[in-house]
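Please look at the chain below and report on how its central parts are packed. A short account follows the display.

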Amino acid sequence: MRTTGAGREETADGPGTAVVTGASSGIGTRYAERLAEAGWDLVLVARRAERLDEVAGRLRETAGVAVETLVADLAVPEDLARTAARVAAEDVALLVNNAGINGYGYFTETDPALLTRVLSVNVTALTALSRAAVPGMLERGRGAVVNVASQLAFAGSLPPDPLPRRAVYGGTKGYVVTFTRTLAAELADTPLRIQVLCPGLTATEFHLTTGEESVAGLTQQVHAEGGMPVDEVVTASLAALERGDVVCVPGLDDPDRALERLVAAETGMRAVPRP
Ligand SMILES: NC(=O)c1ccc[n+]([C@@H]2O[C@H](COP(=O)([O-])OP(=O)(O)OC[C@H]3O[C@@H](n4cnc5c(N)ncnc54)[C@H](OP(=O)(O)O)[C@@H]3O)[C@@H](O)[C@H]2O)c1
């Protein structure tokens with residue numbers, strides 16, 4: 001038995017169970033494939049049952065791991081509670097909070113119900129599932145949580161080309177970055193690994209829907225905007241998990257220097273209270 005970089009113990013039975021939300025397409029499906037290749041048993045969470053069944057059947061066959069599917073709409077409290085109960089089980093050694101929707105549209109023109117859904121999936125569900133996972137992981141002395149944010153958490157409002165039509169999405173991803181970094185600091189003296197993954201534009205079907213409804217069809221699609229291949233995003237995340245990096249920005253030149261400068265800027269922003 002040995003402890004790997006993902007903060008897990010490898011036994012003859014494999015590294016344990018990983019829960020991946022949003023596993024029916026894009027980055028989530030690729031996490032599932034890569035983790036199965038590495039011997040993880042899986043719990044795959046999303047709304048599209050047929051898509052999950054396809055991924056699960058294929059991975060049982062090719063990787064020989066146990067794969068459960070958990071069909072859930074993470075914006076629905078009962079579904080979120082069912083998912084949280086599964087995440088809290090003692091076999092779970094890795095949680096990948098990947099499910100996310102964009103709700104793109106001008107703020108004043110977007111249905112308030114869609115904006116609430118963006119907050120529910122991107123913020124409320126991710127927080128609730130992290131809360132469900134971490135106490136048991138601490139008791140067992142092993143475990144890891146990966147929360148998927150976005151480079152828009154940092155760059156959404158930057159001139160000269162501030163990205164319009166995504167204020168709430170950018171806000172949710174800013175939450176994911178701050179939440180995860182702060183939680184990682186709180187857990188720094190524990191064996192747990194906590195990561196926030198900040199992809200840039202990635203080649204998935206993400207921009208084919210605002211997230212109210214899933215993209216139809218059994219075959220995964222890719223939006224026309226281009227982007228980094230999903231495999232490179234997941235490779236960066238898994239490598240960062242091995243290293244114990246808290247912030248992972250795939251494709252960033254000289255990430256150590258960029259993060260040092262970010263921390264220096266944040267430290268400079270901390271005002272000294274004066275009477
Ligand atoms: N693609 C990009 O350019 C990009 C860039 C930065 C960050 N990201 C982030 O990367 C993550 C994965 O996105 P992706 O690019 O892989 O897009 P994607 O292919 O659209 O995948 C999104 C996943 O989330 C699931 N999902 C959506 N709403 C859900 C809900 N209410 N309950 C449960 N599952 C739900 C979807 O499955 P169902 O529809 O079957 O539920 C799907 O599996 C997201 O958090 C996104 O914000 C993406």
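A144, V146 and V148 point one way from strand 7, V145 and N147 point the other way, and all are buried. This is a predicted model. In a regular strand the side chains alternate between the two faces of the sheet. Strand 7 covers residues 144-148, and 5 of its 5 residues are buried, so the strand is largely enclosed by the rest of the structure.

**Neighbours of strand 7**

Strand 7 pairs with strand 6 and also with strand 8. The table sets out the two pairings.

| Pair | Sense | Bridges | A bridge pair |
|---|---|---|---|
| Strand 6 (residues 92-97) and strand 7 | parallel | 4 bridges | L95 and V145 |
| Strand 7 and strand 8 (residues 193-197) | parallel | 5 bridges | V145 and I194 |

V145 has a bridge partner on strand 6, namely L95. On strand 8, the partner of V145 is I194. Strand 6 is also linked to strand 7 through a helix: strand 6, helix 4 (residues 112-140) and strand 7 form a right-handed β-α-β unit.

**The nonpolar core**

The largest nonpolar core holds 71 residues. V20, A32, L42 and L44 have the most contacts inside this core. Helix 4 gives the most to this core, with 9 residues. In soluble globular proteins, nonpolar side chains tend to be buried together.

What does A32 contact, leaving aside its neighbours within four places in sequence? The partners are V20, A23, L42, L44, V55 and L59. V20, L42 and L44 are themselves among the residues with the most contacts inside the core.

**Helix 1**

Helix 1 spans residues 26-37. Helix 1 has 12 residues and reaches 17 Å from first C-alpha to last, close to the 16 Å expected at 1.5 Å a residue. Of its 12 residues, 10 are buried, so helix 1 is largely enclosed by the rest of the structure. The buried residues are G26, I27, G28, T29, R30, Y31, A32, E33, L35 and A36. Charged residues are on that list, including R30 and E33.

What covers the buried residues of helix 1? The cover includes strand 3 (17-21), strand 4 (41-46) and helix 2 (49-63). It also includes strand 6, strand 7 and helix 7 (230-243). After helix 1 comes G39, whose phi is positive, near 95 degrees.

**T29 within the helix**

T29 lies in helix 1. Is T29 buried or exposed? T29 has 26 C-beta neighbours inside 10 Å, so it counts as buried; the cut-off is 20 or more. Not counting residues up to four places away in sequence, T29 touches A23, S24, V55 and Q220. A23 and V55 are also contacts of A32. T29 and V230 are 201 residues apart in sequence, yet their C-alpha atoms are 9.1 Å apart in space.

**The whole chain**

The protein chain contains 8 helices and 9 strands. Its C-alpha atoms fill a box of roughly 55 × 45 × 35 Å along the principal axes. With 275 residues, a compact globule would have a radius of gyration near 19 Å, and the 18 Å of this chain agrees. Buried residues make up 43% of the 275 residues. Of the contacts with a separation of 6 or more, 69% join residues 24 or more positions apart.

Conventions
Residues numbered from 1 in each chain as written. Predicted model: local features only at pLDDT ≥ 70, side-chain atom pairs only at ≥ 80, totals over all residues. Helix = DSSP H or I, 4+ residues; strand = E, 2+ residues; numbered from the N terminus. Rg over C-alpha atoms; globule rule 2.2 N^0.38 Å. Contact = placed C-beta atoms within 7 Å. Pairing = 2+ DSSP bridges. Right-handed = clockwise from strand over helix to strand, strands pointing away. Core = buried A, V, L, I, M, F, W, Y, C linked by C-beta atoms within 7 Å. Expected span 1.5 Å × (residues − 1).
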